[in-house]
Amino acid sequence: MKRNITTLPGDGIGPEVITEAVRVLQTIAGIHGYRFEFEEQLIGGVAIRRFGSPLPTTTLDACLMSDAVLLGAVGSPEYDRTPPNQRPEAGLLLLRSALGGYANLRPAISYPSIAACSPVRREVASGTDILIVRELLGGLYFGEPRGIESNVASNTMRYSVEEIERIAKVAFEEARKRRGKVTSVDKANVLETSQLWRQTVIRMSQNYPDVTLEHLYVDACAMHLIANPRRFDVLLTENLFGDILSDEAAVITGSLGMLASATIGGEVGLYEPVHGSAPDIAGRGAANPCGAIASAAMMLRHSFNLEQDACDIELAIEHALEAGYRTPDIAEGTGGYVVTTSEFGEVVCEAVTEIVNMRHAYHAV
Ligand code: NAD
Ligand code: IPM
Ligand code: MN
């Protein structure tokens, strides 16, 4: 069976990390004898410069026709003063809404071998294993009306019961596969959208008596997350809160470069690291490819039903870290050797090969 993947490297460090994710996918496919067909397309700033649009029709069509989409990052300082709807980021938002995935899964895991590079003390950070379930197609990002008129600007926060129900369902189902706890995060002491959110989540929880539900206001959640990350299992929240809290959760793991994501629930799955185009380090081989590689693993899990292979890639990342390989962002205070983006990718490929071979050898005896 041939699986078609559209790759959208995008801007800044996007191409650097996507090269490594593709290399790891090719490695695991090669070992098992299945095939991925990769088609690269433009999105973001590179697409604006080439075609005058952050999401050209050829790119969108290719994504809609493929089995999964792997994206690097979009955005560049040269568009800092460009209106939102003409910026590179607009291409990503259009793509998300066209693919229809409303559930953005963002795992945040603290790996012991790099715990020392987090500003959060080891005894606080260690053991952190959180799944942020971020609603991705609603809220302030997509609410109408929006705009700027002379000296007044507006965005609209909007949520429907159906939008809340479908994302809550994903969170409860994921919690069942994990430690059975959902923390729903809102601002129900101020916002009507959050009151509807809370009521709907409570109603949905009745279908999941085996899952513990708690509610936190987003401000308090931001505090608890950094003070005691182990209290969280699944963190369910709306679009903008999820965006902010996931960057905060990344600090616990050591770097924004560590976090992966999968966007599910639509026709075509979308997989992207949580970080942006990191213009401050782009083009230097200093980008951490872990988030992109782990996003590729999530693609195997959610789009291709290849759970074992997804786990093998995740384990290979862990092995590379345990063996001491680090990109600069995770090097401070952790010992080990600083390597480039592509050297790290190479080590992960070697580790994947070793892990799969060891299992084959084990089953052969
Ligand atoms: P950013 O995530 O690009 O970078 C924040 C900081 O984290 C920087 O210091 C950067 O060097 C570091 N960092 C991020 N990813 C890293 C990695 N893989 N390895 C090592 N260090 C890494 O956020 P920003 O600087 O606020 O935004 C830059 C641009 O990226 C903006 O245009 C923004 O809109 C865009 N952005 C895009 C996405 C996306 O495409 N999904 C996500 C976030 C931001
Ligand atoms: C993310 C990014 C995007 C978001 C931007 C680039 C549109 O910050 O994926 O976290 O806000 O969703
Ligand atoms: Mn973000």
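## Two ligands, two domains and the cysteines

Ligand 1 has 21 residues around it, and those that come nearest are Glu89, Gly276, Ala278, Asp280 and Asn288. Here a residue is near a molecule if one of its heavy atoms lies within 4 Å of it. The model is predicted: local features need pLDDT of at least 70, side-chain atom pairs count only at pLDDT 80 or more, and totals for chains, interfaces and linings use all residues. Residues are numbered from 1 along each chain as its sequence is written, chains are lettered from A and ligands numbered from 1 in the order in which they are written, and side-chain values use heavy atoms, with hydrogens and water left out.

By class, the shell around ligand 1 consists of 10 nonpolar, seven polar and four charged residues. In this scheme Ala, Val, Leu, Ile, Met, Phe, Trp, Tyr, Cys and Pro are nonpolar, Asp, Glu, Lys and Arg are charged, and the others, Gly among them, are polar.

Ligand 2 is surrounded by Glu89, Arg96, Arg106, Arg134, Tyr141, Asp243 and Val274. Polar contacts (pairs of N or O atoms within 3.5 Å) of both ligands are set out below.

| Ligand atom | Protein partner | Distance |
|---|---|---|
| Ligand 1, oxygen | Glu89, side chain | 2.4 Å |
| Ligand 1, nitrogen | His275, side chain | 3.4 Å |
| Ligand 1, oxygen | Ala278, backbone | 2.7 Å |
| Ligand 2, oxygen | Arg96, side chain | 2.7 Å |
| Ligand 2, oxygen | Arg106, side chain | 3.0 Å |
| Ligand 2, oxygen | Tyr141, side chain | 2.5 Å |

Taken alone, ligand 2 exposes 320 Å², of which the protein buries 79%. Such accessible areas come from the Shrake-Rupley method with a 1.4 Å probe.

The protein is divided into domain 1 (1-105 + 255-365) and domain 2 (119-253), with bounds from an automatic or database domain assignment. Their centres, taken over C-alpha atoms, are 24 Å apart. The contact between them, meaning heavy atoms within 4.5 Å, takes 16 residues from domain 1 and 18 residues from domain 2.

A disulfide is a covalent bond between the sulfur atoms of two cysteines. With the cut-off for a sulfur pair set at within 2.5 Å, the count comes to zero disulfides. Cys290 cannot form one with Cys117, which holds the closest cysteine sulfur, because the two sulfurs are 10 Å apart, too far for a bond. Cys290 is also buried, at 1% relative accessibility, where buried means under 20% relative accessible area, exposed over 50%, and partly exposed in between (1.4 Å probe, protein chains only). Cys221 is likewise buried, with a relative accessible area of 0%.

Key:
Polar contact = N/O pair within 3.5 Å; in protein donor to acceptor, adjacent residues only side chain to side chain.
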